[in-house]
Amino acid sequence: MSHKEDNEEKSRCHRTDLYASIPRTCLPIVYHPDYNITFMGLEKLHPFDAGKWGKVIRFLKEEQFINDGNLVEAREAAEEDLLVVHTKRYLNRLKWSLVVATITEIPPLLFLPNFLVQRKVLRPLRTQTGGTIMAGKLAVERGWAINVGGGFHHCSSDRGGGFCAYADITLAIKFLFERVEGISRVTIIDLDAHQGNGHERDFLDDRRVFIMDMYNRYIYPGDEYAKRAIKRKVELDWGTEDSEYLQKVELHMEGTLNEVLPDIIVYNAGTDILDGDPLGGLSISPQGIIKRDELVFRAAKRRGIPVLMVTSGGYQKKTARIIADSILNLHRQGLIEGDAAEGEGSLYSRVSSGFHF
């Protein structure tokens, strides 16, 4: 199939379970227990806390912000969903355990039969990917949505890396472009400690997508080719602390949103900026992370722009508590509703919600 034919094929809307109608009694917080990766302790060979998503939910339940009845249950992205962005060749490569071991940076996976790797590692990542796509639709409908997982910003249509096997950010945006009326401009605000080279490669020549990326300039991936897609690039030095960091977030985010008013913001809210993170190399406090998220949601709400938030990287055990505390702070600040019905008739109604299946 030629590149042109491949693009034409992808542009035809297939039937998907990911855009099913969600009851108004549910908060736009997306999660599934299958997000968590547990397999004979192998997940502990990567610094990533492969159970952090479940811990976030547990903390939110303890604070009585959510319960099993008002959570949105994520659905696994099917192959037809993944093919909206990914090449068939790339998905076939994931059937080799060596490839998955390389992408996830867990070398022992190469010795395991692929059916186990699919079930124990890739299915959780596909479910998180489905969650991001679902949260995109919900954000337009409700004004905001949070996928407690996702944010696999190192994966593009034909290559993975950095624990990212599926391009959930690209997928969520492509689904919105193809299926939701009124969505023609998207801004990605990527505040993970690492450069988001996956979505950057995917949207390199797409003028509908404005990318702001703020990251440690000295760490993985250092993808110079992908950097050409960044419209507002903020490169940080080792050990950047709260004051400088938050000042730059506010300055550049306001500049980004003043330059182009998007129909939705995709916010990649990595917590690997936390002081002591073994991979991030920055020195942001828990309070700094909470304030950062508040700045993004406040700027979006002030302009009436829906926000889709994904949680992305974060490689310390305490990051789950910080994510939960940040979500609770957004609620206390009135930036997200605690009552599932509150979003109706909100200022986000300027965005039309015409969905095609």
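Two strands count as paired here if DSSP finds at least two bridges between them, and I begin with that criterion because much of what follows concerns one sheet and the strands within it. By that criterion strand E4, residues 186–190, pairs with strand E5, residues 209–216, in the parallel sense over 5 bridges, and within that pairing Val186 has Val209 of E5 as its bridge partner. Please keep in mind throughout that this is a predicted model.

Let me set out the whole chain before going back to E4. The protein chain contains 12 helices and 8 strands, and 62% of its 357 residues count as buried. If we take the contacts between residues at least 6 apart in sequence, 75% of them join residues at least 24 apart. The chain exposes about 14,300 Å², of which carbon and sulfur atoms supply 49%.

The 8 strands form an open sheet with parallel pairing, and the order across it is E2-E1-E3-E8-E7-E4-E5-E6. Strand E2, residues 72–73, and E6 stand at the edges with a single partner strand each, so one side of each is left without a neighbour in the sheet.

Now to E4 itself, which has E5 on one flank and E7 on the other in that order. The pairing of E4 with E7 is likewise parallel, and 5 bridges join the two. Ile189 illustrates both pairings, since its bridge partner in E7 is Tyr267, while in E5 Ile189 stands opposite Met212. The link from E4 to E5 passes through helix H8, residues 197–202, and these three elements make a right-handed β-α-β unit.

How are the side chains of E4 arranged? Val186, Ile188 and Asp190 point one way, whereas Thr187 and Ile189 point the other way. In a regular strand the side chains alternate between the two faces of the sheet. As for burial, 5 of the 5 residues of E4 are buried, so the strand is largely enclosed by the rest of the structure.

Tyr267, the partner of Ile189, takes us to the nonpolar core. The largest such core has 114 residues, and Tyr267 belongs to the group that touches the most other members, together with Phe65, Leu94, Ile173, Leu191, Tyr245 and Phe297. Helix H6, residues 114–142, gives the most to this core, with 10 residues. In soluble globular proteins, nonpolar side chains tend to be buried together. Setting aside neighbours within four places in sequence, the contacts of Tyr267 include Ile189, Leu191, Val296, Phe297 and Met309, but also Arg292 and Asp293.

Two helices hold other members of that group. Ile173 is one of the buried residues of H7, a helix of 12 residues at 168–179 that reaches 16 Å from its first C-alpha to its last, close to the 16 Å expected. Because 10 of its 12 residues are buried, H7 is largely enclosed by the rest of the structure. Those buried residues include Asp168 and Arg179 as well as Leu171, Phe175 and Phe177.

Tyr245 is among the buried residues of H10, as are Leu246, Val249, His252 and Glu254. The 18 residues of H10, 242–259, should span 26 Å at 1.5 Å a residue, and the end C-alpha atoms are 25 Å apart, which agrees. The cover over the buried residues of H10 includes E4, E5, E6, E7 and H11.

I would finish with the loops, where a few local details deserve a check in the model. Most residues other than glycine have a negative phi, and most peptide bonds are trans. Tyr220 and Pro221 are joined by a cis peptide bond with omega about 5 degrees, and Pro221 is placed in the loop between E5 and helix H9.

Glu105, although not a glycine, has a positive phi of about 60 degrees, and it lies in the loop between helix H5 and H6. Phe163 also has a positive phi, about 75 degrees, and lies in the loop between strand E3 and H7. Are these two residues buried or exposed? Glu105 counts as partly exposed at 36% relative accessibility, whereas Phe163 is buried with a relative accessible area of 5%.

Lastly, Thr271 sits in the loop between E7 and helix H11 and counts as buried at 2% relative accessibility. Not counting residues up to four places away in sequence, its contacts include Lys52, Asp277, Ile289, Thr311 and Ile323.

Note on methods. Residues are numbered from 1 along each chain as its sequence is written. This is a predicted model: local features need pLDDT of at least 70, side-chain atom pairs count only at pLDDT 80 or more; totals for chains, interfaces and linings use all residues. Side-chain values use heavy atoms; hydrogens and water are left out. Helices (H or I, at least four residues) and strands (E, at least two) are DSSP runs, numbered from the N terminus. The expected span of a helix is 1.5 Å times one less than its number of residues. Buried means under 20% relative accessible area, exposed over 50%, partly exposed in between (1.4 Å probe, protein chains only). Contact means heavy atoms within 4.5 Å. A nonpolar core is a set of buried Ala, Val, Leu, Ile, Met, Phe, Trp, Tyr and Cys residues joined through side-chain atoms within 4.5 Å. A crossover is right-handed if, with the strands pointing away from the viewer, the path from the first strand over the helix to the second runs clockwise. Accessible areas come from the Shrake-Rupley method with a 1.4 Å probe; for residues, only the protein chains shown count as cover.
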